[in-house]
Amino acid sequence: MKKLPGFLFLFLILFISNLPAQESSALSMSLNGATGLYTVPSGNLGWEGKGKAGLDAGGSYNFFSNNGIAKMGLSLFNWVELSGALDIQPREDDANNIDGIIGVKIRLPTKRTAISIGGNLQLLNHRDQFSSAGQIYTAATYSGEFFTWPASTSLAIGYTISEENKDNIDFGMGFDLVLLPSVFGRIVHWIIDYSNFSYSIQALGDDAWYRGCLNTGLRLDLAAIPALSKIKLVFDLAMLDIFDHERTVSMGLVVGVPIVKSTK
């Protein structure tokens, strides 16, 4: 089973969100396209609110591993999210491996805590040898405050189905903290997550196979600027798998537009 050397660290995160609930997450895409942190999916959908639907598109580039990820997401009426991603990976013969990831997430009708069930299908190409894998999970996100700063904690538990994975249970946890809200409003977020699974089983720059992955960085929610409030515009700058020698720096951008406005 994959080891969890950061287990004690995860207990610390458990105590960060206090009781007052409020919206604090920047609803952006994880590396595989599902709404979430970097690897850990959240309980939220990309667009939330009664009667709301929206379309997101974005991409990430991992500098040291030199792979790029293009992704899209469609959130419908506060209950389902469909996502897809293409992971374009370099190889020695100057060609590229292109992996596909197709995801779905269903939001349960909870109020105080966002809870979803979801999964993804991974269509993998390694040196023109094709295979597939899948993941199912339950994710929950609770919003509150860390002292007086808006914060949210996300927890995901699930199972990856593949030829290599026979008995491992997936576990991930992460934290989204709005930094200096009195100065920057809700623009600047510090994101940290830890998981014993990667965005796919054939990940580059985020390979959780042995010790898991700790990822951290800044997320700029530019839609918090009043002039940009009608769209989604999120910029990520992160370091992935920072405890291991295959660590990499990732830069990403997500742009989204509402399809149906909230009826609130």
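**Exercise 1.** What volume does the largest cavity have? Work out what lines this cavity.

*Solution.* This is a predicted model, where local features need pLDDT of at least 70, side-chain atom pairs count only at pLDDT 80 or more, and totals for chains, interfaces and linings use all residues. Residues are numbered from 1 along each chain as its sequence is written, and side-chain values use heavy atoms, without hydrogens and water.

Step 1. Start with the method. Rolling a probe the size of a water molecule over the atoms shows where empty space is left. On a 1 Å grid over the protein atoms alone, a cavity is a set of points where a 1.4 Å probe fits but cannot get out. Lining residues have an atom within 4 Å of a point.

Step 2. Search the whole structure: 4 cavities of 30 Å³ or more turn up. The largest cavity has a volume of about 100 Å³.

Step 3. Find the lining. It holds 16 residues, and L31, Y38, S60, K71 and D236 are the closest to the centre.

Step 4. Sort the lining: 7 residues are nonpolar, 6 polar and 3 charged. Here Ala, Val, Leu, Ile, Met, Phe, Trp, Tyr, Cys and Pro count as nonpolar, Asp, Glu, Lys and Arg as charged, and the others, Gly among them, as polar.

Step 5. Trace the strands (DSSP runs of E, at least two residues, numbered from the N terminus). β1 (53-62), β11 (232-240) and β12 (248-260) each supply at least two lining residues. β12 gives the largest share, 5 residues.

**Exercise 2.** Describe the second largest pocket.

*Solution.* Step 1. A pocket is an open set of points with protein on both sides within 12 Å along at least five of seven lines. The second largest pocket has about 420 Å³ of space.

Step 2. Of its 22 lining residues, S162, E164, I201, Q202 and W209 are the closest to the centre. β5 (113-126) and β6 (129-146) are the elements giving two or more residues to this lining. β6 gives the most, with 3 residues.

Step 3. Sort this lining too: 6 nonpolar, 11 polar and 5 charged residues.

**Exercise 3.** Is F77 buried, partly exposed or exposed? Locate F77 in the chain.

*Solution.* Step 1. Recall the cut-offs: buried means under 20% relative accessible area, exposed over 50%, and partly exposed in between (1.4 Å probe, protein chains only).

Step 2. F77 has a relative accessible area of 44%, so F77 is partly exposed.

Step 3. F77 sits in the loop between β2 (67-76) and β3 (80-90).

Key:
Helices (H or I, at least four residues) and strands (E, at least two) are DSSP runs, numbered from the N terminus. Grid points are joined across faces, edges and corners, and a volume is the space filled by probe spheres set on the points.
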